[in-house]
Protein chains: 2
Amino acid sequence: MAKKIEFYDTTLRDGTQAEDFTLSVEDKLRVAQKLDELGIDYIEGGWPGSNPKDARFFKEARDLSLKHAKIAAFGSTHHPRKKPEEDPNLEALIEARTPVITIFGKSWDIHVKEALKTTLERNLEIIEASVAYLKPHCEKLFYDAEHFFDGFKADRDYACETLKRAQAAGADVLVLCDTNGGTLPHEIVEIMKEVKKRLGKGVSLGIHAHNDSECAVANSLMAVLEGAIQVQGTINGFGERCGNANLCSIIPNLLLKMGYEAQAKKYLHKLTEVSRYVCEIANIPHPRYLPYVGRSAFAHKGGVHVSAVMRHPRTYEHIEPELVGNERRVLVSDLSGRSNIVYKAQQFGIKLEANDPMVVKIVEEVKKREAEGYQFEAAEASLELLMYRLIGEPKQYFELLGYRVFDMQNPEEGYPLVEATVMVRVPPGVGEVEHTAASGNGPVNALDNAIRKALERFYPQLKEMVLEDYKVRVLPGSPGTGAMVRVLIFSRDSQDRWGTVGVSHDILEASCKALVDSLTYKLFKDRHKRK
Amino acid sequence: MAKKIEFYDTTLRDGTQAEDFTLSVEDKLRVAQKLDELGIDYIEGGWPGSNPKDARFFKEARDLSLKHAKIAAFGSTHHPRKKPEEDPNLEALIEARTPVITIFGKSWDIHVKEALKTTLERNLEIIEASVAYLKPHCEKLFYDAEHFFDGFKADRDYACETLKRAQAAGADVLVLCDTNGGTLPHEIVEIMKEVKKRLGKGVSLGIHAHNDSECAVANSLMAVLEGAIQVQGTINGFGERCGNANLCSIIPNLLLKMGYEAQAKKYLHKLTEVSRYVCEIANIPHPRYLPYVGRSAFAHKGGVHVSAVMRHPRTYEHIEPELVGNERRVLVSDLSGRSNIVYKAQQFGIKLEANDPMVVKIVEEVKKREAEGYQFEAAEASLELLMYRLIGEPKQYFELLGYRVFDMQNPEEGYPLVEATVMVRVPPGVGEVEHTAASGNGPVNALDNAIRKALERFYPQLKEMVLEDYKVRVLPGSPGTGAMVRVLIFSRDSQDRWGTVGVSHDILEASCKALVDSLTYKLFKDRHKRK
């Protein structure tokens, strides 16, 4: 018989405690919609009693048309010196009018005394009264036992008593929280066994783990094996300090490997999309190495390895990437062989058979470039342009005839001055020469500004293109400031993102090469790739 | 009785399989030195049989003076159609002349047939013969059982037989590898119990986990609880796809929470420094959310929370951050970093008590610089000069009055031309002005050449100084080519090595700042530090 599990997402509440991760109310509404598409069971939207922004979210969330998920509002038990019916925090939870209410209470004696500043007995009353008061106002009430595992280690009788009170007052699930994230997987197992012994086998438990020991995912899995029916976590593991348990790893681990069933199973192929969407909305880069959903998660280097992967993916991949909506990536690296190139050419719409002599020519050219310091892993647009050039279909829309950069620092005479001049011919070989100049806050920036200024007259669509990121790497080899430099440029417009690369002893020349490829690719894709 | 555990670092081999993480031979030597300072037991340097760069590492590593660590060379078992004594891969392992050799063999039947293209029986012979042949050439021989857990699931008898052959031939530790990273913690426990049953309780096992299920740390801990005496992993979890098991989390979990003992225990306060050092050397940002060592790992938001943390850190932190050399970060941050600053000042020969107001002044200045994008972890010479400047003992031997850099690319007219002019005054304020010019193969190189040319007339000892490495990092913030840039310069003479840093929007200005610090430090240390 299939084992059922429920996923409770707190990206919108606990997730936004992460440093550098913030969401507006509009962002939160968009993310909630997306979480629903993934088949998440519960979406915790915020803490209405602590934050007027969160109260607004709950008001607007009523207009969302969710197919699967129920919205949850989060808050604390009532104030020690108030009655439940007088407590503004509980009032805000009721006013949020969500089908689910989650309240947290104290499990750890030191927190009761030091943070809540009340007695152990009063804390038990508070828990019971808060749950009982809220229960009639929602379809489901979840009780988050804050610091439960630390509390259990300090005084297991007391920690378990807090759970019993919440249970007695009608909580539907008792969620054991590892708030400080210090608990290890084997401790989760021991403690949950003891909790079940004390609360009875029929108790409904949940798990809420943090990643301070880098065990949040494993702790969640171990808790499920010990009978937890609800897992709380966040997309990509965003959260305070080192983050919350990462649902993007927990969901496929449970559904693909451990035989559990959940609403999300039908939508698992959307996992990668949702993971990247949340980063896009929050305007932060998607972490490359994320399990299951990262861009590197199914990336393969090395020719022999690659041909084996093509024949028997299972021998080098723990799951099929398509199951979570990710894809296999073959990295063109200095170990690369012919099978990599054929695979890439297909992606670029170039038809090549493995035994075509052109494949050898491309492999040789790529190897030559790599020996010079080029890397195409993050610069596929440069690789695509290179391949088209080799098969005799060069994509060229302008010719950079030359440039001059002038950088002067002389504080006494009122400088700095940074300026670039360029000459471009459009179209190449036969066209008009545009000669112009621009300044910038550094020499690369000045050169970038000047080239764009020269070209935008001919190609106004270049204005849509934004330089998103710029990376410089000094290559090993000749030591010091005379070394070779590799520049990577990431660009985007409203439809695409692409990476290009340039290498030279001279950082300006390397930047210029990457920039020329980036501009060329924009013009090429607009002309040939739009359907 | 304390339980002993050994740490085997493979950052330099498996770690460099990560996308975007590459190290030159010089970088690897620096990282090896740093790993030794952390008390790591074994450092795997590379695969000499696959890669001439790695062979060079082993040659140069013989000159490292390591206090704790033993260097290991990595390679595969011998070729199915060769004898051990004819196999170039085994030959390369012997020629590496390391105290430790680690060889990997196949455990999974499908890999034997498909990748090795041989019979199951021949694979067993290969394992036994390879181990037996290499064993007399090293102090310790470790056998990595590749894909062991997948192999066990497919055919446990065969997988265990491969281990028995390696054991019979004299392998000191049998390392069970979860090469595809798909194994979950409860499976590790079950499989290791069965392995111990079949191989006998006396068998020495190790664990090598990958993070594709986000369980590599937990899997390593579970393996240790099941008796593994060696843990293989990498700094920050760098590695192919989603990475290897992260030693920066495993080490403190085992030593601070699980009662294990290791050489690294004495040096645990260096963990954060080593973690960040590796990122600096590899020229990639240090991931903020990393457990134990990340900048967010002990960051606290919110006033009440912060005062509670100050009174009772244990209630909101799973460990004391100082134990791993990290620090608590709070909104009002004048407490953070003070002990570090006092510690560093002592190292630099500056006497400061913790309650000296100068400490606050230095902390504030360092924080201001860090907010601008400076980082002093790999640039201690710049920090030292900064501290002397603040305590009123500026170390200044020359004044750079200004510079001008001219970079022209115009192939039709016979260019490129890259030229820099500089004006320096020696000694500062009162001395003679030297105005000179030099060319270079790039603008930074031209500037470097011109400054040295101007100074060498006054300070001929600058000729002894070599610029060993030069790194550029574009900082996040304003996008594209207008972003801030951090330049790190590593210099050396016959006696010392030192790092300096400069930050600016303008890469030439940033380079110039780092260069001026580097030249100044050389002159300072020659005058004041030679005993």
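# Working through strands, barrel and shared sheet

Strand β8 of chain B and strand β9 (residues 230–233) of chain B run parallel, joined by three bridges. Keep in mind as you work that this is a predicted model.

**Exercise 1.** Starting from β8(B) and β9(B), find which residue stands opposite Gly206(B) and which helix the chain crosses through between these strands.

*Solution.* Step one: look across from Gly206(B) and you will find Gln230(B) in β9(B). Step two: follow the chain out of β8(B), and it passes through helix α9 (residues 216–225) of chain B before reaching β9(B). This β-α-β crossover is right-handed.

**Exercise 2.** Now turn to the other partner, β7(B): work out the sense in which it pairs with β8(B) and the handedness of the β-α-β unit.

*Solution.* Step one: β7 (residues 173–178) of chain B pairs with β8(B) in the parallel sense, over five bridges. Step two: for a landmark, take Leu174(B), which has Leu205(B) of β8(B) opposite. Step three: add helix α8 (residues 185–199) of chain B, and β7(B), the helix and β8(B) make a right-handed unit.

**Exercise 3.** Decide whether the residues of β8(B) are buried or exposed, and sort them by the way they point.

*Solution.* Step one: a residue counts as buried when 20 or more other C-beta atoms lie within 10 Å of its own. Step two: by that test, five of the five residues in β8 (residues 205–209) of chain B are buried. Step three: Leu205(B), Ile207(B) and Ala209(B) point one way, while Gly206(B) and His208(B) point the other way.

**Exercise 4.** Move to chain A and trace the barrel: how many strands close it, and which helix packs on the sheet against β4 and β5?

*Solution.* Step one: eight strands close the barrel, in the order β2-β3-β4-β5-β6-β7-β8-β9 (chain A), with parallel pairing. Step two: neighbouring strands are turned by 25° against each other on average, direction ignored. Step three: zoom in on β5 (residues 100–106) and β6 (residues 140–146) of chain A, a parallel pair with seven bridges; here Lys106(A) has Glu146(A) as its bridge partner. Step four: the helix is α3 (residues 88–95) of chain A, which touches β4 (70–76) and β5 of chain A. The direction of α3(A) makes about 175° with that of β4(A).

**Exercise 5.** Find how many residues of chain A are in contact with chain B, and which element gives the most.

*Solution.* Step one: 89 residues of chain A are in contact with 88 residues of chain B. Step two: β13(A) gives the most to the side of chain A that touches chain B, with nine residues. Step three: by class, that side has 39 nonpolar, 29 polar and 21 charged residues. Step four: β13(A) pairs with β11 (residues 399–409) of chain B in the antiparallel sense over seven bridges, and Gln409(B) is the bridge partner of Tyr403(A).

**Exercise 6.** Write out the strand order of the open sheet, then say which strands stand at the edges.

*Solution.* Step one: the order of the six strands is β15(A)-β14(A)-β13(A)-β11(B)-β12(B)-β13(B), with antiparallel pairing. Step two: β15 (432–439) of chain A and β13 (432–439) of chain B each have a single partner strand, so one side of each is left without a neighbour in the sheet. Those two are the edge strands. Step three: the twist averages 10° from one strand to the next. Step four: helix α16 (residues 443–456) of chain B packs on the sheet, touching β11, β12 and β13 of chain B.

Notes. Residues numbered from 1 in each chain as written. Chains lettered and ligands numbered in written order. Predicted model: local features only at pLDDT ≥ 70, side-chain atom pairs only at ≥ 80, totals over all residues. Buried ≥ 20, exposed ≤ 12 C-beta atoms within 10 Å, placed from the backbone. Helix = DSSP H or I, 4+ residues; strand = E, 2+ residues; numbered from the N terminus. Pairing = 2+ DSSP bridges. Right-handed = clockwise from strand over helix to strand, strands pointing away. Contact = placed C-beta atoms within 7 Å. Nonpolar A, V, L, I, M, F, W, Y, C, P; charged D, E, K, R; others polar. Axes fitted to C-alpha atoms, helices over the stretch in contact; angles between N-to-C directions.
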